[in-house]
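Here are some exercises on reading a model, each with a worked solution. Try each task yourself before you read on.

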Amino acid sequence: MTTPALEIIDLNKNFGGLPATQNVSISVQPGERRLIIGPNGAGKTTLFNQITGDFFPTSGTIKLFGKEVTRLRPHKRAHMGLARTYQIITLFNKDTLVHNITLGLLGLRTTRWNMLRPLATYGDMRTEAIRVLGLVNLDHLADRPVTDISYGEKRRVEIAMALAQKPKVLLLDEPLAGLSAGERTNVKDLVASIPREVTVVMIEHDMDTALELAETVTLLHYGKVIVDGPHDAVVADEKTREVYLGH
Amino acid sequence: MQSGSNSTRTVLALLAILIVGAVSFSYIASIRSAQFAIVQTLNSLALGGLLFLLAAGFSLIFGLMRLANLTHGALFMLGAYIGANIMRSFEGVSLWAAMIGAGLLVAVMGGLLERFVLRRLSNNSLGQVLVTLGMSFIIADACLIIWGGDPIPVPTPPDLRSPIRAFGYAFPSYRLAVVVLAVVAAIALYLLLERTRLGAMIRAGVDDMQMARAVGIPVSKLFTAVFMLGAGVAGAAGVLGGPIMSAYPGLDADMLPLALIVVILGGVGSLFGAFVGSFIIGFIYTFGTALLPDLAYVILFLPMIVVIAFRPQGLFGRIAA
Amino acid sequence: MSKVEATDTAAAAAAPVEKRNTPLRLAVYAVSGALLLALPLFSGDFYINLASQILIAAIFALSLNLLVGYGGLSSLGHASFLGLSAYFAAWFFTRGGMDHTSSALIALFGTTVVAGLFGLIALRASGLGFLMITLALSQVLWGVAFRWSSVTNGDNGLSGLTRPMPFGLDINGADSFYWFSLVIFAVSFVLMAVFTESAFGSALRGTRDQPRRMAALGFDVWLIRWITFVYAGFWGAVAGLLYVYYHKYIHPTSLSITASAEGLLAVIAGGSGTLGGPVVGAALVMILKNYASAYVERWNMLLGLVFLFIVIFMPEGLVPGTKRLWKRFTGGGK
């Protein structure tokens, strides 16, 4: 068996005595498309925050490609090939789109320590940033500030910023949230076009769209894994219906 | 942010041992005579009590409003001046009456500051801090204009002028009274927070402001009430400290950093933290000044560094500053 | 988390890809440069000395602006570095028996090391916690300067320092000291401008706006802030050297909260996160302090009132505010 891209073993997280993650164990193979579903407050984003290192679990282990990262600070995980998007759009609003993407490129290059040369003069990074914006069909807005673009376009910039990093594991936190039907199709196609070597873990509420993208599904409820397995098995499972339809 | 509960507890225990150790070391090292030790201990406790009155308000305001009120030292000084003035102008007014009067006046001024200035800047926390800083300059300078540059003594109440003699030693009675009052105030504040409706609302606000708003707590009135309470207690503390330190220009700048260190040490928003922190700092500062007058400030620095290094949210803080 | 709220228009003016060297901008630089150089030719000693003080305050404000404006780290203890460097230089020269070069190098190096240590402590927090810790640390230094009189001479301050002779040039006159300060100012302005425009500077602004996102993108947010803190401390030390050479005297008040607050006021009043803002702000503060206070004699009161005025009525600062008005006037911008 190959080493899992992402492995979570018996993870627990308490917030002041309240359990947000309980004995969660998940294993995601390289190239897998994993969907994480669950009602509001199920602890999905909390799980993501522990995978990225925004906060550390109370107990348990997180591994990236077999290496333990449980207590590694977030930026180090990024350098190991982990990237994420946010449910609440987290962009550099005052800056242009191309600057946003460039920061994504800069984060993984040693150039980020250069204290002499202006960022705007790195032509190669600009070219690459515009290419990445092209992937999400926003290259024509490259030099506009984020405040000028629509909500749906911001969602795409979120994803583009993560894609710019050419991640090995990509965490998408509700990439479809708040989008219109047309925009959903756009973003769905975009996610579907992500190269197969990238492992994708996605939180999504829109089951119809998201289930199409996923091969495996994990259902979380009150911080616990309820069902975990191949797409069809989870959808057919009695417990899934209980959680979603209130039995 | 990160907290594994077991390791946190170990660190906390180590910290407590370290601080208690440092305090008792300086304590033992300083015993030249039992009488000296008694006087210095009471001085420490009295300073600790005054610091508690100052820091408790600062900490509650910070915890509830996410506002670092840098006028707090100036309000303490203003209280001291007003108290001294009341006692001078009206023959026969006791220190206690002056304390209540000054406390009320300063509370009203705090309320005005909160309502008419800070309220306008509720989304700009840096702006709020700068305004409180500006206000502290204005108040300090106004005190200088009104009361001049010479220290104004605040008379000790006649009953408490002579020390209590027991076991063959003398115990400075006013300092004892200050300690007793501070402890009473601490208990009263504790009861207010834990046993009253107002207290329940304050605690809810400190823990989760959005939730507090959502369940219909009148947050706006609560802010004003807590700000007035904090300001009033600081003003009253200024009068209470008067017989020990008198009212002088620069009293604000002497007290504010001590209160800040107390809050950093004890943790913002925690009454218990303010209480423990105050007495730790009271002891360290008093003994430090007695033993190494030159470097008393450096000694203050040490517990602060240790706490920040291992527990940035303070010893008993629930929220990261 | 504390954030300086800036309007969108002000922010757009500071956007990185904006075309930098427009003819107008170059002309403004050239004219102001020429005016600054020629100042001693047409003005008396009072104004020349005032201008020297403004330049020193401007270096100080620019260094603080690296933290406040670009890093989003509101320090209320930056005077620590100015004062410490001044004390180092004065002490090693007058008491340590060293020459100017050695004492100046010790001042710069020692202060930068202390900035590194203070950064380690203060950057355990951000926002208001950072502000409180920097304030407490600087008050501790101030207390030491006041109390440790066997070393610092306490409330009497340290005097007896002379001005150095850089490259054999005499800078004892008002004119020559002004030109000396101008050169140092120009160097520091350019180096700090390069810093803020650089890739690192962009990363720094990123940590100000979205620290979590920056960490997720692979930036070591803590290290970026610490390096900036140390760099700002170094330029604070440079300002401190000039300061002590100008006054030939140093007193604990230079480490006080008032001194830190003056610097912060210069940054906020001029416009934090802009290059020209702190310079304009420093000029405003120094002019107020030297000129207006000669009439009203209540500097602290005035300082407090200006704080209230700026924060309440012009939170974006004078430079972005004026730029906005200029753009509206000329129909530029949006």
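**Exercise 1: confidence**

Chain C has an average pLDDT of 87 (pLDDT is the predictor's confidence in each residue, from 0 to 100), and 91% of its residues score at least 70. This is a predicted model, where local features need pLDDT of at least 70, side-chain atom pairs count only at pLDDT 80 or more, and totals for chains, interfaces and linings use all residues. Residues are numbered from 1 along each chain as its sequence is written, chains are lettered from A and ligands numbered from 1 in the order in which they are written, and side-chain values use heavy atoms, with hydrogens and water left out.

Task: find which element of chain C has the lowest mean pLDDT and which the highest.

Step 1. Helices (H or I, at least four residues) and strands (E, at least two) are DSSP runs, numbered from the N terminus. Helix α1 (residues 8-13) of chain C comes lowest, with a mean of 36, and helix α11 (residues 221-247) of chain C comes highest, with 97.

Step 2. Now look at residues 1-18 of chain C, where the pLDDT is below 50. Beyond near neighbours in sequence, this stretch still has 34 contacts in the model (contact means heavy atoms within 4.5 Å).

**Exercise 2: two helices in chain B**

Task: describe how helix α10 (residues 251-266) of chain B packs with helix α12 (residues 296-310) of chain B.

Step 1. Two packed helices are described by the angle between their axes and the distance between the axes. Axes are lines fitted to C-alpha atoms, for helices over the stretch in contact, and angles run from 0 to 180 degrees between N-to-C directions. For α10(B) and α12(B), the angle is about 25 degrees and the axes are 9 Å apart.

Step 2. So α10(B) is roughly parallel to α12(B) (under 35 degrees is roughly parallel, over 145 roughly antiparallel, 65 to 115 roughly perpendicular and the rest oblique).

Step 3. B:D254, B:L258, B:I261, B:I264 and B:L265 in α10(B) touch residues of α12(B), including B:Y297 and B:L300. The residues of this contact split into 10 nonpolar, no polar and one charged (Ala, Val, Leu, Ile, Met, Phe, Trp, Tyr, Cys and Pro count as nonpolar, Asp, Glu, Lys and Arg as charged, and the others, Gly among them, as polar).

**Exercise 3: across two chains**

Task: work out how helix α5 (residues 125-147) of chain B lies against helix α12 (residues 257-270) of chain C.

Step 1. Their axes come within 12 Å and cross at roughly 135 degrees. That makes α5(B) oblique to α12(C).

Step 2. On one side you'll find B:L126, B:L130, B:L133 and B:F137, and on the other C:I257, C:T258, C:A261, C:L264 and C:I268. Sorted by type, the contact has eight nonpolar residues, one polar and no charged.

**Exercise 4: rings**

Task: how many aromatic pairs are there over all chains, and what is the geometry of the one between A:W113 and C:F200?

Step 1. The count is 22 (rings of Phe, Tyr and Trp, its six-membered ring, pair if their centres lie within 6.5 Å; planes under 30 degrees apart are stacked, over 60 edge-to-face and the rest tilted).

Step 2. A:W113 and C:F200 are 6.1 Å centre to centre with 35 degrees between the planes, a tilted pair.

Step 3. The pair crosses between chains: A:W113 sits in the loop between α3 (97-106) and α4 (123-135) of chain A, and C:F200 in helix α9 (residues 199-209) of chain C.
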